[in-house]
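The exercises below ask for a careful reading of helices, their packing and a few single residues. Please work each one through on the structure before turning to the solution.

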Amino acid sequence: MIIIGQILGFIYLIIFVISFQFKKLETLMKIRIVSKIIATLHYLFLSAYSGAVSQFISIFPNYFSYKYQGQKKNKIIAFLFIIIFFISGIITYQNIYDTLPIIGSILTVIAIFQTNTKYVRAFQLIISPFFLAYNIVSHSYAGIIMEILVVISCLIGMVRLDKSK
């Protein structure tokens, strides 16, 4: 089961890292939803339940942030998902490390409800250390590599797409 989890982790890695190279928010969010489904399975196979729950829940704010982008109800939806993540953290808590994906997921909600991909990339630089630490503790080798590559991909995307003309 652990090998299947690691393989799924590498599939998740590839899809997620590629997502930051798209300028259009719609494309970025659709790719992230697919990657979150794979990540949920990845963490389940590694018995990293807090990570699995946070990845599964994160499918829905990704969808709603895209569906209601720029609308006033977006802030209400974001706030509701922050509460849902907080509650899921209480339910899945086994040790202090279980708070890392919850904190990362709460910050991710803030990031994905931005309408500018420039801010999504910038937020990811703040988010990645939480998931990196959790991946180390959970022995998610693909996750460790992924967070390093995500930071690199975000930086490349920032230079390539976000620089002032």
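**Exercise 1.** In which helix is I33 found? Determine also whether I33 is buried or exposed, and which residues I33 is in contact with, leaving aside its neighbours within four places in sequence.

*Solution.* The model is a predicted one, in which local features need pLDDT of at least 70 and side-chain atom pairs count only at pLDDT 80 or more, while totals for chains, interfaces and linings use all residues. Residues are numbered from 1 along each chain as its sequence is written, and side-chain values use heavy atoms, with hydrogens and water left out.

Step one is the location: I33 lies in helix α2, where helices are DSSP runs of H or I with at least four residues, numbered from the N terminus. Step two is the accessibility: I33 has a relative accessibility of 17% and therefore counts as buried, given that buried means under 20% relative accessible area, exposed over 50% and partly exposed in between, with a 1.4 Å probe and protein chains only. Step three is the contacts, defined as heavy atoms within 4.5 Å: beyond its neighbours within four places in sequence, I33 is in contact with I59, N62 and Y63.

**Exercise 2.** Compare the span of α2 with the one expected at 1.5 Å a residue, and then describe how α2 is placed relative to α6.

*Solution.* The expected span of a helix is 1.5 Å times one less than its number of residues. For the 21 residues of α2 this gives 30 Å, in agreement with the 30 Å between its end C-alpha atoms.

For the packing, axes are lines fitted to C-alpha atoms, for helices over the stretch in contact, and angles run from 0 to 180 degrees between N-to-C directions. The axes of α2 (residues 25-45) and α6 (residues 117-138) come within 14 Å and cross at roughly 10°. The two helices, α2 and α6, are therefore roughly parallel to each other; angles under 35 degrees count as roughly parallel, over 145 as roughly antiparallel, 65 to 115 as roughly perpendicular and the rest as oblique.

The contact itself brings L25, L28, R32 and Y43 of α2 together with T117, V120, Q124, Y134 and N135 of α6. By class, the residues of this contact between α2 and α6 divide into 5 nonpolar, 3 polar and 1 charged, where Ala, Val, Leu, Ile, Met, Phe, Trp, Tyr, Cys and Pro count as nonpolar, Asp, Glu, Lys and Arg as charged, and the others, Gly among them, as polar.

**Exercise 3.** Which residues of α4 are buried, and what covers them?

*Solution.* Helix α4 (residues 73-92) has 20 residues and reaches 28 Å from its first C-alpha to its last, close to the 28 Å expected at 1.5 Å a residue. Within α4, the buried residues are N74, I77, A78, F81, F85, S88, G89 and T92. These residues lie on the same side of α4 because they cover an arc of only 120° around the axis, the arc being that of the directions from the helix axis to the C-beta atoms. What covers them includes α3 (49-67) and α5 (99-112).

The face of α4 turned away from the buried side carries the exposed residues K75, I76, F79, F86, I90 and I91. F79 is exposed, with a relative accessible area of 53%.

**Exercise 4.** At what angle do α3 and α4 pack, and what does S58 of α3 touch, not counting residues up to four places away in sequence?

*Solution.* The angle is about 170°, with the axes of α3 and α4 10 Å apart, and α3 and α4 are therefore roughly antiparallel to each other. The residues of the contact of α3 with α4 divide into 9 nonpolar, 7 polar and no charged.

S58 is found in helix α3 and is buried, with a relative accessible area of 4%. Not counting residues up to four places away in sequence, S58 touches K36 and F85.

**Exercise 5.** Where are S47 and H139 placed, and what is the phi of S47?

*Solution.* Most residues other than glycine have a negative phi. S47, in the loop between α2 and α3, has a positive phi near 60°, and S47 is partly exposed, with a relative accessible area of 46%. H139, in the loop between α6 and α7 (141-162), has a positive phi of about 60° although it is not a glycine.
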